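The following exercises concern one protein chain. Please work through each task before reading its solution.

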Amino acid sequence: MAKEYAEDGIRFLDAASREESLISIEAIVNAFAFLYGQPTRGWSFEIDVRTSREKW
């Protein structure tokens, strides 16, 4: 995605005002740590990280 949109840049001008609705770095790190530390007899290859504010 970065290569495809490099000329335009990837930015959200109103991101600061939406900070509470964005996924936190800590949540991403926790999800990665879960995947990395999972037991070898029960692999999960995907994880879906979302905020609780997302509408379904």
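**Exercise 1.** Is Gln38 buried or exposed?

*Solution.* The model is predicted: local features need pLDDT of at least 70, side-chain atom pairs count only at pLDDT 80 or more, and totals for chains, interfaces and linings use all residues. Residues are numbered from 1 along each chain as its sequence is written, and side-chain values use heavy atoms, with hydrogens and water left out.

Step 1. Buried means under 20% relative accessible area, exposed over 50%, and partly exposed in between (1.4 Å probe, protein chains only).
Step 2. Gln38 has a relative accessible area of 8%, so Gln38 is buried.
Step 3. For the protein chain, buried residues make up 5% of the 56 residues.

**Exercise 2.** Locate Gln38 and describe its surroundings.

*Solution.*
Step 1. Gln38 belongs to the segment after helix H1 (25-36); helices are DSSP runs of H or I with at least four residues, strands are runs of E with at least two, and both are numbered from the N terminus. The chain has one helix and zero strands.
Step 2. Leaving aside residues up to four places away in sequence, Gln38 touches Trp43 and Ser44, where contact means heavy atoms within 4.5 Å.
Step 3. A polar atom of the Gln38 side chain lies 3.0 Å from the backbone oxygen of Leu35.

**Exercise 3.** How is Ile23 placed in sequence and in exposure?

*Solution.*
Step 1. Ile23 is found in the segment before H1.
Step 2. With a relative accessible area of 37%, Ile23 is partly exposed.

Key
Polar contact = N/O pair within 3.5 Å; in protein donor to acceptor, adjacent residues only side chain to side chain.
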